[in-house]
There are 2 protein chains.
Amino acid sequence: MPLKFYGMTKRVAYQGIRGSFSSMAARAMAQEPFEPVETSRFREIFEHVAAGRADLGILPIENALAGSVHENYDLLGEFQLSIVAEHYLPVELHLVAPVGAELVGVRQVSSHPKALEQCSKFLEERPQIAKISSSDTAGAAQEVARLNDTSMAAIASEEAACEQGLQILARSIQNHGMNATRFVAVRAAPNTTSAANKCSLLFTLPHQPGSLARILTAIADANGNVTKIESRPITGKPFEYGFYIDVQAASEISSVARAVECLASSSRVLGLYEAAAPLF
Amino acid sequence: MPLKFYGMTKRVAYQGIRGSFSSMAARAMAQEPFEPVETSRFREIFEHVAAGRADLGILPIENALAGSVHENYDLLGEFQLSIVAEHYLPVELHLVAPVGAELVGVRQVSSHPKALEQCSKFLEERPQIAKISSSDTAGAAQEVARLNDTSMAAIASEEAACEQGLQILARSIQNHGMNATRFVAVRAAPNTTSAANKCSLLFTLPHQPGSLARILTAIADANGNVTKIESRPITGKPFEYGFYIDVQAASEISSVARAVECLASSSRVLGLYEAAAPLF
């Protein structure tokens with residue numbers, strides 16, 4: 001998978017601290033060394049990029065096991081930023097704890113709610129372990145290292161364990177062996193690359209038979225291949241439906257975007273960018 | 001919204017205890033008094049119904065704010081049960097705590113991860129409150145009542161607060177005022193009602209331009225209106241995509257299901273049932 005080159009990009013905002021999956025995605029996506037801008041909330045990433053305090057924001061957008069990160073889709077709709085790249089990051093989750101800890105002695109585990117959800121089978125088999133939600137996996141590992149209590153563990157990456165001097169008590173505990181998170185990079189200005197062959201769109205349609213079929217036929221006529229589609233009820237508008245859609249095309253991706261814009265009640269191009277290869 | 005009548009249904013399985021949103025959905029959906037079969041995991045609901053230990057299972061399938069409950073879609077694909085009804089339950093989440101507690105003194109809150117996610121704005125503004133994941137909202141309220149510590153709160157329904165003798169410290173703290181969860185009822189045998197005007201389907205398609213457009217055009221030609229669609233990557237099959245879809249029709253919903261069955265690589269009808277009215 002080719003890494004992206006961003007020219008003058010210097011400051012990259014992402015959620016969490018070093019060792020978080022977002023920090024790993026940031027390093028994979030920003031080819032050059034960069035100044036990290038660490039945040040505790042996704043909204044802050046958008047605020048930093050919109051205000052020019054960061055050049056690029058890195059966002060998890062969907063996970064193979066846990067599905068879409070709806071909060072980030074909502075923020076993409078709210079802020080006028082553009083997706084300029086995507087990246088699939090393999091996600092392996094480990095149970096990590098201070099040196100000297102043993103699995104049988106663990107009584108509490110902290111991690112991001114999505115990470116706890118992705119390890120639900122492992123945790124359901126161990127009901128004696130209380131689950132604590134934290135804002136990111138690496139931050140949970142940092143807190144476990146700070147408290148240095150062998151009954152307390154975190155679910156985090158191997159990198160976070162190394163970074164915090166923790167040992168791995170149980171390796172790769174996510175529900176399925178193959179797990180990946182798709183990240184996107186957002187910037188204040190849209191892509192100018194001519195290599196774009198994928199686009200992300202938000203649009204709304206009247207709730208009528210055939211309205212979605214017409215849009216998808218127009219996309220197919222423009223040689224677009226839908227790689228993701230998701231409907232979303234619009235609060236307060238029971239007769240309209242919102243959609244997230246990703247479309248890939250061999251060429252001329254902008255004609256796909258125009259086809260959607262012509263047929264939807266309302267639409268917004270979230271970005272035109274080069275498709276990355278899925279991992280599995 | 002008309003309540004459903006299930007004839008001989010006696011035992012109804014759902015996740016959580018009395019006061020859980022699932023228990024409230026069960027009462028709304030099973031018109032007659034029933035014997036509750038309480039479980040701590042969704043998988044157990046499927047196991048109980050498949051083995052005949054329960055006549056009906058009640059499952060949350062999607063929430064207006066947090067999106068689809070992927071685990072239940074996966075279980076619907078795994079077990080050979082049928083959706084026989086749907087119901088939209090309004091969801092209001094409250095911060096509840098023992099009598100004598102004050103909001104400023106709360107240091108820990110426990111609830112289901114989806115409930116914590118739906119109250120993320122309220123909780124982000126109060127970083128001093130640690131978030132504990134529990135398997136259901138009503139169980140979290142029960143545990144808070146048992147410990148009777150005024151620094152510990154739960155996020156749960158008003159019904160759960162009443163049931164456990166807890167007070168409401170902060171009312172309706174979910175991110176948006178209008179929130180609802182869609183529940184479905186599953187049974188071992190498919191519906192025989194002629195009133196069915198909605199169907200839920202799982203299907204896979206080759207990852208080719210136009211394959212989804214053809215299916216949706218066939219659905220529209222059969223007068224079907226897509227009320228939900230979601231793509232799902234299939235682990236280990238990078239060139240195929242899976243879809244969940246719900247379709248509503250003025251009449252002859254079975255012809256919609258047949259149209260999908262003819263065009264998909266593989267498909268499964270999860271159920272034919274009577275559509276309930278969305279709340280908002």
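This is a short walk through a predicted model of two chains, A and B.

Let's start with symmetry. Two copies of a chain are related by a rotation about an axis and a shift along it. Here, chain B can be laid on chain A by a turn of 180° and a shift of 0.0 Å along the axis. The RMSD of that fit is 0.0 Å. The two copies are thus related as by a two-fold rotation axis.

Now the interface. How many residues does each chain bring to the contact? Chain A gives 40 residues, and chain B gives 40 residues. Take the side of chain B that touches chain A. Five elements of chain B each supply at least two residues to that side: β4 (67–68), α4 (113–118), β8 (130–133), α8 (211–221) and β13 (224–233). Which of them gives the most? That is β13(B), with eight residues. By class, this side of chain B has 19 nonpolar, 15 polar and six charged residues. And 100% of the interface residues of chain B are also interface residues in chain A, so the copies meet through the same surface.

Next, the sheet. Strands of a sheet pair through backbone hydrogen bonds, either parallel or antiparallel. In this model there is an open sheet of ten strands, with mixed pairing. Read the order with me: β10(A)-β6(A)-β9(A)-β7(A)-β8(A), then β8(B)-β7(B)-β9(B)-β6(B)-β10(B). Where are the edges? They are β10 (167–170) of chain A and β10 (167–170) of chain B, and each pairs on one side only. From one strand to the next, the twist averages 35°.

Look at where the chains join in that order. Strand β8 (residues 130–133) of chain A runs antiparallel to β8(B), and three bridges join the two. One position to click on is A:Ser133, which stands opposite B:Lys131 in β8(B).

Further out in chain B, β6 (residues 94–97) pairs with β9 (residues 152–156). The sense is antiparallel, again over three bridges. There, B:Leu95 has B:Ile155 in β9(B) as its bridge partner.

What packs on the sheet in chain A? Helix α6 (residues 137–147) does, touching β6 (94–97), β7 (108–111) and β9 (152–156) of chain A. The direction of this helix makes about 155° with that of β9(A). In chain B, helix α6 (residues 137–147) also packs on the sheet. This helix touches β6, β7 (108–111) and β9 of chain B, and makes about 155° with the direction of β9(B).

Now two helix pairs. The first spans the chains. Helix α8 (residues 211–221) of chain A packs with α8(B) at about 150°, with axes 8 Å apart. Over 145° counts as roughly antiparallel, so that is what α8(A) is to α8(B). Their crossing is left-handed. From α8(A), the contact uses A:Leu212, A:Ala213, A:Leu216, A:Thr217, A:Ile219 and A:Ala220. From α8(B), it uses B:Leu212, B:Ala213, B:Leu216, B:Thr217, B:Ile219 and B:Ala220. By class, that is ten nonpolar, two polar and no charged residues.

The second pair sits within chain B. Helices α2 (residues 42–50) and α3 (residues 70–78) of chain B pack at about 25°, axes 10 Å apart. They are therefore roughly parallel to each other. The crossing of α2(B) and α3(B) is right-handed. B:Phe42, B:Arg43 and B:Phe46 of α2(B) meet B:Glu71, B:Asn72 and B:Leu75 of α3(B). This contact has three nonpolar, one polar and two charged residues.

That's the tour. Thank you.

Terms used. Residues numbered from 1 in each chain as written. Chains lettered and ligands numbered in written order. Predicted model: local features only at pLDDT ≥ 70, side-chain atom pairs only at ≥ 80, totals over all residues. Pairing = 2+ DSSP bridges. Helix = DSSP H or I, 4+ residues; strand = E, 2+ residues; numbered from the N terminus. Axes fitted to C-alpha atoms, helices over the stretch in contact; angles between N-to-C directions. Contact = placed C-beta atoms within 7 Å. Nonpolar A, V, L, I, M, F, W, Y, C, P; charged D, E, K, R; others polar. Parallel < 35°, antiparallel > 145°, perpendicular 65-115°, else oblique. Left-handed = near helix turned anticlockwise from the far one by under 90°. Least-squares fit on C-alpha atoms with pLDDT ≥ 70 in both.
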